[in-house]
Amino acid sequence: MVAGLTIGKKKYAEVEEEMKKAVAPMHEICEHLLDDIKRDSESFDLYMQALTLPKETEEEKAARTKAMQDGLKAAVAVPLSVAKRAYEVMPYAEVMVTKGNKTAVTDALVATMMARTAVLGALFNVKINLESIKDEAFVEETAKEVAVIEKMLWHTRKRFWHRPVSPRAQWRNEKKPIDFGFSRRFRVRGGFCKSRSRRIFARRKERKEYVMQKGENL
């Protein structure tokens, strides 16, 4: 959507080709994720079918356990694939946020947050299913993949949500805390002393001038 609102606009002519190149991969990712919905349902059915297998003899118990473990591995493979696919959205989302039509920047940000939530939600499913899998080598290898995706997602989050210090915050950091000392008149009569009121007014005026110089309107 954001790419569509950017392509064809004179104001964004410089990034039009970049937007066009991002459209096809994003549609492909969307199609894969839709397919994963069906795959996820099928993997869950495998596990549920395994639970219904007979368990009277030792052979039946062994076959049932193996079927359950295979179902759990399938239930891990699908959300792990979803996490990887959803993470692929992030670079394109970053382009939309930083270079796309500014009137739709909030839509791009919401898409970014939804993609991030999809990655985290899929990884939660992977982790909970790994706890029931007895194949230690499989668990260890999958856990490493999960850790890599989480680390990449963290660095992506830092790029998106990092903001420079605002002029107002810079002013606070550069100035010492104001001394709001109370005079005898304030303590006795319960009113603000004139000298304190002047300091507050001067402080606010100084802050406003500083911020305006930095280009931020109060």
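**A walk through an all-helix model**

Read along the sequence, the chain goes α-α-α-α-α-α-α-α. In other words, there are eight helices and zero strands. Keep in mind as you scroll around that this is a predicted model.

So how far can you trust the coordinates? The mean pLDDT of the chain is 78, and 77% of its residues reach 70 or more. Confidence peaks in helix 4, at a mean of 89, and bottoms out in helix 7 (residues 184-189), at 42. The weak patch takes in residues 176-192, where pLDDT stays under 50 and the model has 21 contacts beyond four places in sequence. Where pLDDT is low, the predicted coordinates should not be read in detail.

Now for the overall packing. The chain has 218 residues, and 28% of them count as buried. Take the contacts between residues at least 6 apart in sequence: 70% of those join residues at least 24 apart.

The largest nonpolar core is a good place to go next. It has 20 residues, and the ones that touch the most other members are Leu80, Ala83, Val119, Leu123, Val126 and Ile149. Helix 3, helix 4 and helix 5 (136-161) each give two or more residues to this core, with helix 3 giving the most, at nine residues. For a closer view, centre on Ile149: leaving out residues up to four places away in sequence, Ile149 touches Leu80, Ala83, Lys84, Val119 and Leu123. There is also a second, separate core of 11 residues, with Ala3, Tyr12, Met19 and Val95 among them.

What about pockets? The largest has a volume of about 620 Å³. It is lined by 21 residues, and those closest to its centre are Met1, Met26, Val89, Ala93 and Ala111. Helix 1 (2-6), helix 2 (16-51), helix 3 (58-99) and helix 4 (105-130) are the elements that each give two or more residues to this lining. If you sort the lining by class, you get 18 nonpolar, two polar and one charged residues.

The second largest pocket comes in at about 160 Å³. Its lining is made up of Asp40, Ser43, Phe44, Tyr47, Leu72, Ala75, Pro79, Asn125 and Asn129. Here the elements giving two or more residues are helix 2, helix 3 and helix 4, and the largest share, four residues, comes from helix 2. By class, this lining has five nonpolar, three polar and one charged residues.

One last stop is Asp45, which is found in helix 2. Is Asp45 buried, exposed or partly exposed? Its relative accessible area is 37%, so Asp45 counts as partly exposed, since that category runs between the 20% limit for buried and the 50% limit for exposed. Asp45 also gives you a handy ruler across the fold: Asp45 and Ala75 are 30 residues apart in sequence, and their C-alpha atoms are 9.5 Å apart in space. Ala75 is a residue you have already met, as one of those lining the second largest pocket.

Notes. Residues numbered from 1 in each chain as written. Predicted model: local features only at pLDDT ≥ 70, side-chain atom pairs only at ≥ 80, totals over all residues. Heavy atoms only, no water. 1 Å grid on protein atoms, 1.4 Å probe; cavity = no way out; pocket = protein on both sides within 12 Å on 5 of 7 lines; lining within 4 Å. Points joined across faces, edges and corners; volume = space filled by probe spheres on them. Nonpolar A, V, L, I, M, F, W, Y, C, P; charged D, E, K, R; others polar. Core = buried A, V, L, I, M, F, W, Y, C linked by side-chain atoms within 4.5 Å. Buried < 20%, exposed > 50% of the residue type's maximum accessible area, 1.4 Å probe, protein only. Contact = heavy atoms within 4.5 Å. pLDDT = per-residue confidence, 0-100.
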